[in-house]
Amino acid sequence: MPGNTFGKIFKITTWGESHGPGVGVVIDGCPPRIPLEAKDIQALLDRRRPGGSPASTTRREPDQAVIMSGVFEGRTTGTPILIMVHNKDASAKAYEPLADVFRPGHGDITYMAKYGIRDWRGGGRASARETVARVAAGAVAGILLEKEKVAVRAYTIELGGVQAAERRLEVIDQNMFYCPDDPAAQEMERRVRSVRRKGDSIGGVVEVLARGVPRGLGDPVFDKLDADLAGALMGIGAVKGVEIGSGFQAPRMLGSENNDQITPRGFLSNNAGGILAGISNGDDIVIRVAVKPIPSILIEQQTIDLKGNPRKISIRGRHDVAAIPRINVVCEAMVNLVLADHLLRQKAIQ
Ligand SMILES: Cc1cc2nc3c(=O)[nH]c(=O)nc-3n(C[C@H](O)[C@H](O)[C@H](O)COP(=O)(O)O)c2cc1C
């Protein structure tokens, strides 16, 4: 099945399904002699795991990363790195009643239309379980970026309509939603609990900030940095929109307001979100990601079965109420992967 490989020099291929034996990634093109241990990957996988917030599923996966190849005596060898994570808490039984119906908001209907067969156990390949592999690869990309003093962080600025009024990045690790506004995080928790009680779900907005990105990353014209970032983030399940810098506000601004004026000391504003003509301008890269409500809900909805007969569906089982906050580290991973790939591409032409 094509479409599972991402990147040009720092290239990843992910594999695995929600309720198969495991998920993982092959990274090809990682430079040699980079210090890498399973614990570097584990720290990020732990942030993706459920458990930290009432918004998350009760599925309990230890998500232990095993490096199967490409690392010798704690350093990358320049050969393919295979990282695998076993699925330990898969329970396909809960999905048996859903085997012959299409869940609204899921890829069941489109996978069936495309392949004529689908793995109905937890969404198979479309499941968020696949993001384990992206996070593992993103952790390795993050090590490359750290060497160049590039730091990427994602935080929640909106959940279920509750908006963060502040961007106090120093508090994002102090609340369960990685929100830069503590009082808003408390309000988000109340919102999540009330929606969970009603058997419904919510979405929100994640902001990703990349600091220290050097000027010159991104290629004209089809491989612009902003195009690659948008594609990478849109490729995450549940993501329905991506904006960079002033984004969807830009059409409502005057040119004189939206331009970032240039002085000998730098730009006076950052409406460009750190990217001009598809190439990084040295300023912070600022991206916002729109995340839809989780499609699996207890509330009864209409659907059809494989034969096209009308059915009613209410989804029980272990589901997130919101993809936030678990999606945040996935967003970081995808931005890491794009930036690391472009960094290596830039080094190749220099
Ligand atoms: C981190 C994360 C967690 C998710 N958790 C769930 C979940 O528990 N239940 C669910 O039905 N969908 C969940 N999703 C969303 C589905 O994977 C996604 O909506 C579905 O595959 C359809 O794809 P689309 O939303 O991109 O169209 C999650 C997505 C992410 C990124």
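Modeller: A polar contact is a pair of N or O atoms within 3.5 Å. The model discussed here is predicted.

Colleague: What makes the approach of the ligand to Ala-126 a polar contact?

Modeller: An oxygen atom of the ligand is 3.1 Å from a polar backbone atom of Ala-126. The cut-off is 3.5 Å, so this pair qualifies as a polar contact.

Colleague: How do you know that the side chains of His-106 and Ser-296 also make polar contacts with the ligand?

Modeller: In the side chain of His-106, an N or O atom lies 2.8 Å from a ligand oxygen. For Ser-296, the distance from a side-chain N or O atom to an oxygen of the ligand is 2.5 Å. Both values are within 3.5 Å, and therefore both pairs count as polar contacts. Taken alone, the ligand exposes 630 Å², of which the protein buries 86%.

Colleague: Which residues around the ligand are the closest, and how is the shell divided by class?

Modeller: The ligand is surrounded by 16 residues, and the closest are His-106, Lys-292, Ser-296, His-319 and Asp-320. By class, the shell holds eight nonpolar, five polar and three charged residues.

Colleague: Why is no disulfide assigned to Cys-179?

Modeller: A disulfide is a covalent bond between the sulfur atoms of two cysteines. The closest cysteine sulfur to that of Cys-179 belongs to Cys-331, at 15 Å. The rule requires the two sulfur atoms to be within 2.5 Å, so this pair is too far apart for a bond. Seen from Cys-331, the closest cysteine sulfur is that of Cys-179, again at 15 Å. The count is accordingly zero disulfides.

Colleague: Why are Cys-179 and Cys-331 called buried?

Modeller: A residue is buried when its relative accessible area is under 20%. Cys-179 has a relative accessibility of 0% and therefore counts as buried. Cys-331 has a relative accessible area of 0%, so the term applies to Cys-331 as well.

Colleague: How many cavities of 30 Å³ or more are there, and what lines the largest cavity?

Modeller: There is one cavity of 30 Å³ or more, and the largest cavity contains about 30 Å³ of space. Its lining consists of Pro-104, Pro-295, Ile-297, Ile-299, Gln-301, Ile-313, Ser-314 and Ile-315.

Colleague: What classes of residue make up the lining of the largest cavity?

Modeller: That lining has six nonpolar residues, two polar residues and no charged residues.

Terms used
Residues numbered from 1 in each chain as written. Predicted model: local features only at pLDDT ≥ 70, side-chain atom pairs only at ≥ 80, totals over all residues. Heavy atoms only, no water. Near = heavy atom within 4 Å. Polar contact = N/O pair within 3.5 Å; in protein donor to acceptor, adjacent residues only side chain to side chain. Areas by Shrake-Rupley, 256 points an atom, 1.4 Å probe, with all protein chains shown as cover. Nonpolar A, V, L, I, M, F, W, Y, C, P; charged D, E, K, R; others polar. Buried < 20%, exposed > 50% of the residue type's maximum accessible area, 1.4 Å probe, protein only. 1 Å grid on protein atoms, 1.4 Å probe; cavity = no way out; pocket = protein on both sides within 12 Å on 5 of 7 lines; lining within 4 Å. Points joined across faces, edges and corners; volume = space filled by probe spheres on them.
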